[in-house]
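This report describes selected side-chain environments, nonpolar cores and aromatic arrangements in one protein model. Please read it alongside the sequence and the structure shown below.

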Amino acid sequence: MDHRHFPGLHRRGFLAAASGAAALALTGCGGGDADDRPADGGDAKPRRGGRLRAAFAGGGASETLDPHLANLFVDVARAKALFDKLADYGPDLAAEPRLASGWESNKAMDRWKVTLRPATFHDGRPVTAADVLYSYRRIADPEQAFRAKASLEPIDLDASRADGERGIEFVLKRPTAEFPNVLAAFGAYIVPESAADFAEPIGSGPFRFVSFAPGRSAVVRRYDDYWDGAPYLDELEFVIANEESARVNALLGGQVEYAHELNPTTGRAHEGKGQIEIVRLRNSAMQAFAMKTDRPPFDDKRVRQAFFLIADRQELVDGALAGAGEIGNDLFGKGYEYYADGLPQREQDLDRARALLKQAGAEKLKVTLDTSAVAAGFTEAASIFRDQAAKAGVTVEVKMGSKESYWSDILDSGTLSCYRSGAMPIEAHISQRLLTDSTTNATKWHHKDFDALYQQAQSTRDRAERAAVYERMQRRLHAEGGFLVWGFADWILGTARTVRGVERDAPANTLDWARFDKVWLA
């Protein structure tokens, strides 16, 4: 699936979905009947052994184990089982060391020294600086369309070099204070030097390859010499079930022990009922309306401010997300590093909204709101907001768009659209969507002084000073930006009651999401 169908989901974040006939490979053991599973959810001492079967939506016969092509959720789950990155995102979307044991920059922050920890590939070879440089140069190949290519753009890979077996000096094209985010970028996996064929991949991840049937199943086995400790499971099988109902039924029937991407209705129906465990990953997906700030009526900031005040955020969360989420405050990244959580929570104020519209000469405003069935809750959110806007004298016409071309359609055309984004660092959200030259700038937020603040943040060594710059940028967006961020959706998983160790404080796309090396079967 082309990432261009998921905005924001460009380069560093994705909430991918797949559809089609479910192909469940119901092999292997584990689980047991629901009624003989222990009722307590307590985390007893981890136990080694067993095979866990995890159901994900898939990508059909064209699936690959090449980690640099990972795009769908199942691709990434398989890639993180088999491979490692130099860094990955913690629950607050700050980069944490993985294959890298640490990093440090020069004063100008345009050269970074990265040190590798002792680690081995599945064939016993050590992971070296040469493997890292090979991997990044492969990703950056202009002839290829690898996912992490845009993320690695700040690196001058011709000038970067190995410093011994376990040191790399990265030379950058400009100061980059958030360079660790580059090391953690989605798809930036380290493969052995000269690796080109991934039919039977060799990585440095917690599991080693056993078998792969594209669109059906992948089996991996515990790698005993994994640098971060051998997994508890003997084996892990990824099975493909494209329809949500097929994943739920396989879980209820004991045919799988983990089901990814469940809808809020399923979560509510089974939560606390004792048959399966429902896991909610909070703050996983921003839900918003994108206002084009370069054209009428939203080129007048008073109209944007009025729309901020029209929204009843709780009604949107309850109606469009079936309550599976929390309200937003017109800023991306609630709970993430650098989030400006000190700003007052915006609430509906129809009288003030009407006054602002009157000041702007837009009292009987008519606006078209683009939406589509491309994402869960979009059509519901559009209908709810249409009714909310009517109370402020605004006529909103909801226009249904194509599922196939929605994201490319709303990038440049229209004035108001439904929007969502997966988790990514706030810095990445700004650089991809809110700078004059950002490639996915859906609100057409073009301000040279705002661009200058971003460059200032990237050139600021002191973290507290850098955080102050990010807060200044977010204050401006909160006051007059183009994203009406009304909520943050939970990402919902289901597990058998025998499954332990699934991390609950891990938004989708972070290190501990879909991570199976710390999971065990009780």
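In this predicted model, Gln474 has a relative accessible area of 2% and is therefore classed as buried, since the cut-off for that class is under 20%. Gln474 belongs to helix α13, which covers residues 463-480. When its neighbours within four places in sequence are set aside, Gln474 is in contact with Leu331, Phe332, Tyr338, Tyr339, Ala340, Leu343 and Ile426. Ala320, by comparison, lies 26 Å from Gln474, C-alpha to C-alpha, with their positions 154 residues apart in the sequence. One of the contact partners of Gln474, Phe332, also takes part in a charge-over-ring arrangement, in which the charged end of Arg433 sits over the ring of Phe332 at 5.7 Å from its centre.

**Nonpolar cores**

The largest nonpolar core comprises 113 residues, and those with the most contacts inside it are Leu86, Tyr136, Phe170, Phe289 and Phe307. Apart from this core lies another, of 51 residues, which includes Ala55, Val76, Val248 and Val279. Phe289, leaving aside its neighbours within four places in sequence, is in contact with Leu316, Leu369, Ala381, Phe385, Leu416, Ser417, Cys418, Gly482, Phe483, Leu484 and Trp486. Phe289 is also a member of one aromatic cluster, which it forms together with Phe298, Phe307, Phe385 and Trp486.

**Aromatic pairs and charges over rings**

A pair of aromatic rings is described by the distance of the centres and the angle of the planes. The count of such pairs in the model comes to 25, and two of them are set out here.

| Pair | Centre to centre | Angle between planes | Class |
|---|---|---|---|
| Phe170 and Phe179 | 5.5 Å | 55° | tilted |
| Tyr406 and Trp407 | 5.1 Å | 75° | edge-to-face |

How buried or exposed are the partners in these pairs, Phe170, Phe179, Tyr406 and Trp407? Phe170 has 0% relative accessibility and so counts as buried, and Phe179, at 0% relative accessibility, counts as buried as well. In the edge-to-face pair, Tyr406 is buried with a relative accessible area of 1%, while Trp407, at 4% relative accessibility, likewise counts as buried.

A charged side chain and an aromatic ring are also brought together at Tyr189, where the charged end of Lys85 sits over the ring, 5.6 Å from its centre.

Terms used
Residues numbered from 1 in each chain as written. Predicted model: local features only at pLDDT ≥ 70, side-chain atom pairs only at ≥ 80, totals over all residues. Heavy atoms only, no water. Helix = DSSP H or I, 4+ residues; strand = E, 2+ residues; numbered from the N terminus. Buried < 20%, exposed > 50% of the residue type's maximum accessible area, 1.4 Å probe, protein only. Contact = heavy atoms within 4.5 Å. Core = buried A, V, L, I, M, F, W, Y, C linked by side-chain atoms within 4.5 Å. Phe/Tyr/Trp six-rings, centres within 6.5 Å; stacked < 30°, edge-to-face > 60°. Lys NZ or Arg CZ within 6 Å of the ring centre and 35° of its normal.
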